[in-house]
Amino acid sequence: TGASVAAAAGPIFPLASGQAHPARPDPMQSPHEDTRMKDPTAFPMALAQANCALQARIAELAQSGGQYWYEFVQRLVNDGIAEGSAELQEILHTQDWQRLLATPADAYWRQLQQRFGDQQAAAQIAVAAQASFARGVQDALAAWQRDTIAALDQAGLATPALDPVWA
């Protein structure tokens, strides 16, 4: 009777490939899950592509943010040059000594008001740029996660955290 039970259960030693006898299912494996890799070379390539796409998107976001700041600074410089040229033209063409003496003080207050407005604009731009960058990075990470999960699925690798059987 003992021999008949052992014969029915299968061999005592594992198969040559190192796997247990097929008659005994793995209790930790989901019955819906196929643990064999579908294409062993697809996963590394898909993962590398997902990582490259993430890096490219973050670089694109950084570049667009830098371009935005560059244009803002360029506009400030051009406005400053135009303002300075206008003040010099005013000084050159004035014939009134009283007005000529008041020009530096007037220019100081005008520039102070302009710089205060520039600081407000810079703060608004910083908030908008940071929010845009954060949204872009969040979207890029979500796309990377989708691509990585798709690569894992394509390779036939288990993702228990996302498998409804394990939830």
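Here is a short back-and-forth about a predicted model of one chain.

Student: What pattern does the chain follow, read along the sequence?
Tutor: Start with the inventory: there are three helices and zero strands. Put in sequence order, that gives α-α-α.

Student: Where in the chain is confidence lowest, and where is it highest?
Tutor: For the whole chain the mean pLDDT is 74, with 69% of the residues at 70 or more. Residues 1–33 stay under 50, and the model has 16 contacts beyond four places in sequence for them. By helix, the lowest mean is 43, in α1 (residues 2–9), and the highest is 87, in α2.

Student: How far does helix α2 reach from its first C-alpha to its last?
Tutor: Helix α2 covers residues 42–93, so it has 52 residues, and the span counts 1.5 Å for one less than that number. That gives an expected 76 Å, and the model comes close to it, at 75 Å.

Student: Which residues of α2 are buried?
Tutor: The cut-off to use here is under 20% relative accessible area. Across the chain's 167 residues, 13% count as buried. In α2 the ones that pass are Phe43, Ala50, Leu54, Leu61, Phe72, Glu83 and Glu87.

Student: Is Asp118 buried or exposed?
Tutor: Asp118 sits in helix α3, which runs over residues 97–155. Its relative accessibility is 13%, and the cut-off is under 20%, so Asp118 counts as buried.

Student: Which residues is Asp118 in contact with, leaving aside its neighbours within four places in sequence?
Tutor: Skip those sequence neighbours and two names are left to look at, one of them already on the buried list of α2, Phe72. The contacts of Asp118 are Phe72 and Leu76.

Student: Why does Ile81 count as exposed?
Tutor: Ile81 is in helix α2. Exposed means over 50% relative accessible area, so Ile81 makes the cut with 53%.

Student: Which residues make the nonpolar surface patch of about 260 Å²?
Tutor: It helps to think about helix geometry: with 3.6 residues a turn, residues three or four places apart point the same way. Ile81, in α2, is one of the patch members. The full set is Val73, Val77 and Ile81.

Student: What share of the chain's accessible surface belongs to carbon and sulfur atoms?
Tutor: The total to work from is about 12800 Å² for the chain. Of that surface, the carbon and sulfur share is 62%.

Student: What share of the contacts with a separation of 6 or more comes from residues 24 or more positions apart?
Tutor: Here a contact means heavy atoms within 4.5 Å. Among contacts with a separation of 6 or more, pairs 24 or more positions apart account for 76%.

Definitions and conventions: Residues numbered from 1 in each chain as written. Predicted model: local features only at pLDDT ≥ 70, side-chain atom pairs only at ≥ 80, totals over all residues. Heavy atoms only, no water. Helix = DSSP H or I, 4+ residues; strand = E, 2+ residues; numbered from the N terminus. Buried < 20%, exposed > 50% of the residue type's maximum accessible area, 1.4 Å probe, protein only. Patch = residues over 30% accessible without salt bridge, like charges linked within 9 Å, V, L, I, M, F, W, Y side chains within 5 Å. Areas by Shrake-Rupley, 256 points an atom, 1.4 Å probe, with all protein chains shown as cover. Salt bridge = Lys/Arg side-chain N within 4 Å of Asp/Glu carboxyl O. pLDDT = per-residue confidence, 0-100.
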